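Thanks for coming. Please have the sequence and the 3D view open while I talk.

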Amino acid sequence: MRVQRFPKVVYFLCASRVKSRDLAVMSTNTESQTHSLPSRERCPQASGLESVAPLVHSGEETPDPIPTTTKGTIPAWINGSFLRNGPGKFEFGEDRYNHWFDGMALMHRFHICEGSVTYSSRFLRSDSYNLNSEKNRIVVSEFGTVAMPDPCKNFFARFLSRFQIPQPTDNANVNFVKYKGDYYVSTETNFMRRVDPQTLETKEKVDWSQYVAVNSATAHPHYDREGATYNMGNSYSRDGFFYTIIRIPPAEKAAAKEDSADLSGAEVICSIPAAESRKPSYYHSFVMSENYIVFVEQPIKLNVLKFMLYKIMGQSFQKILSWEPQYGTIFHLVDRRTGKESKVKYRTAPMFTLHQINAYEDDGFLVMDMCCGDDGVVIGDFTLENLRRESGDDIDKYYNSLCRNLPRRYVLPLNVDEQTPLDQNLVMLPNCKATAKKADSGEVGFYSIHFSVYMTHEELHNDELLQYGGLEFPQINYDKYNGRPYRYFYACGFGHVFADSLLKIDVHTKELKVWRYPGLFPSEPVFVASPDAAEEDDGVVLSVIITPSKEKSTFLLVLDAKTFTELGRAEVPVNIPYGTHGVFNEMG
């Protein structure tokens, strides 16, 4: 099958018609929301915010490890490297990128051993980075920036170049991921780059389409306890647009490990047709429990026709995405072991989600916890022009227009059939406010369905969270509790354009613990379990703290995960641009 490739689509976006006769009505039902106001309006309006412009200026790499200054205590049992990724270079020569997501990948490593910490960083030597550096201008298009034709070419050649299909970028600036024991940096195209987690040196480029019939993969794979990795990608052919679930088997234990990329054995275990093949949905991640994978088809739409024409029109790729709430939201349930998709379509009101918190099965139900937004009218445009606004009214107005994400719980009943009664709440879990009701048969876009289940969510927070602007970048004790019942998650609070607090939420009581200091901007929190952990939150939380108001005042923060109080910090005299995601690479 021939696959059409699509360029990178990244997050922080709130993104035609639905053929179901009742979906639009149901999506406005007052039962579909615990609160009628959009989350943005429920959070307090900001006033007097400081500019965060220094957080989105180009950084410099530090390829050789340098020492840090420790304050407090870094637990001696932490032995490994905290790896971070994100945009780090925003110009070449006289050319400037337009969007935060366009910046060249800058990788960071905080190596922790016996209570001491060293720091190093390197730019990813992607083809995009190398070509731009060689020409000293932007020659590879990114998410929000279209590369201009070579000025050295004649007029006719420059004109024809607009009709060439752009190649996807390999500027993998989103996350560190792991396949068969090897580390890669990833974005959302078909390209990844293998990297050395010790030196951060760039290794070979890997093309997903050489292994499976997909044109992309997310930067948020899931890992099972047998060592296999799962991810999702897209494929597009004359048969339509499909969302594909990919499985990469564990590395063979007896095989000698070669110093080369290995995705052998990768297979597509399920292909889900888009509800509207000319307007497929954007997604940033997906849900996995012990036995199921759930794909959330949300109303952030990619216009395929505009995609085909966007370079000719000289518009960036971000312009082909739109928020179209009339489609509602569809949850696709897939058996992780057989690849078989459930015939039941689970639906809910229009919402968007970027990151899932956790999912687990409980007495015939699948419980899904996610960070969600419901206000798709105002789209968060993370252009560099917006992010570099001056302190005061300018940045206040921009921040107050942005959507706010809040944690929600959806519950999918797994045993729905012809005998299941209509219009009756099927969720029987104790102390659960989420609902699910079987609806009549009909059509949802492409899908002809025997019956569907319409769900409303439970909010996984109390009103105190609203004071911190909602949250994003959720993390859990993944190794022990992913796909299983759990109690705690950690996240960033967004009382500013970028995260300005760290949060710990107890999903049983909805109680909140907070680390927050004015002028300090933390990265995504990553949990590291202690060697003798007896409880879920026995360990530490790591986060990189940066500040726009002080030069070279970056530090690695170590919090006690249980009390959420500071144990220590490792100060490093560098300026680090605001990043995206990271992982902890434990050393043997």
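I will start with the whole chain, then go to one strand and its partners, and end with a small sheet.

First, a caution: this is a predicted model. The protein chain has eight helices and 40 strands. Of its 588 residues, 61% are buried. The accessible surface of the chain is about 23,600 Å², and carbon and sulfur atoms account for 48% of that.

Now please find strand 14, residues 229-237. How many of the residues of strand 14 are buried? Nine of the nine, so the strand is largely enclosed by the rest of the structure. Buried here means under 20% relative accessible area.

Next, the directions of the side chains. In a regular strand, side chains alternate between the two faces of the sheet. In strand 14, Thr229, Asn231, Gly233, Ser235 and Ser237 point one way. Tyr230, Met232, Asn234 and Tyr236 point the other way. Both sets are buried.

Strand 14 has a partner on either side of it in the listing, and I will take them in turn.

Strand 13 covers residues 222-223 and runs antiparallel to strand 14, with two bridges joining them. Within this pairing, Tyr223 has Thr229 as its bridge partner. You have already met Thr229: it is one of the residues of strand 14 that point the same way as Ser235. Strands 13 and 14 form a hairpin, with five residues between them. In that turn, Gly227 has a positive phi of about 100 degrees.

Then there is strand 15, residues 240-248. How many bridges does strand 14 make with strand 15? Nine, and the pairing is again antiparallel. Opposite Ser235 you will find Phe242 of strand 15. These two strands also form a hairpin, here with two residues between them.

Last, please move to the sheet made of strands 9 to 12. Its four strands form an open sheet, in the order 9-10-11-12, with antiparallel pairing. Which strands stand at the edges? They are strand 9, residues 175-179, and strand 12, residues 202-207. Each has a single partner strand, so one side of each is left without a neighbour in the sheet. On average, neighbouring strands of this sheet are turned by 35 degrees against each other, direction ignored.

Inside the sheet, strand 10, residues 182-186, pairs with strand 11, residues 191-195, over three bridges in the antiparallel sense. There, Val185 has Arg193 of strand 11 as its bridge partner.

That is what I have for today.

Conventions:
Residues numbered from 1 in each chain as written. Predicted model: local features only at pLDDT ≥ 70, side-chain atom pairs only at ≥ 80, totals over all residues. Heavy atoms only, no water. Buried < 20%, exposed > 50% of the residue type's maximum accessible area, 1.4 Å probe, protein only. Pairing = 2+ DSSP bridges. Axes fitted to C-alpha atoms, helices over the stretch in contact; angles between N-to-C directions. Areas by Shrake-Rupley, 256 points an atom, 1.4 Å probe, with all protein chains shown as cover.
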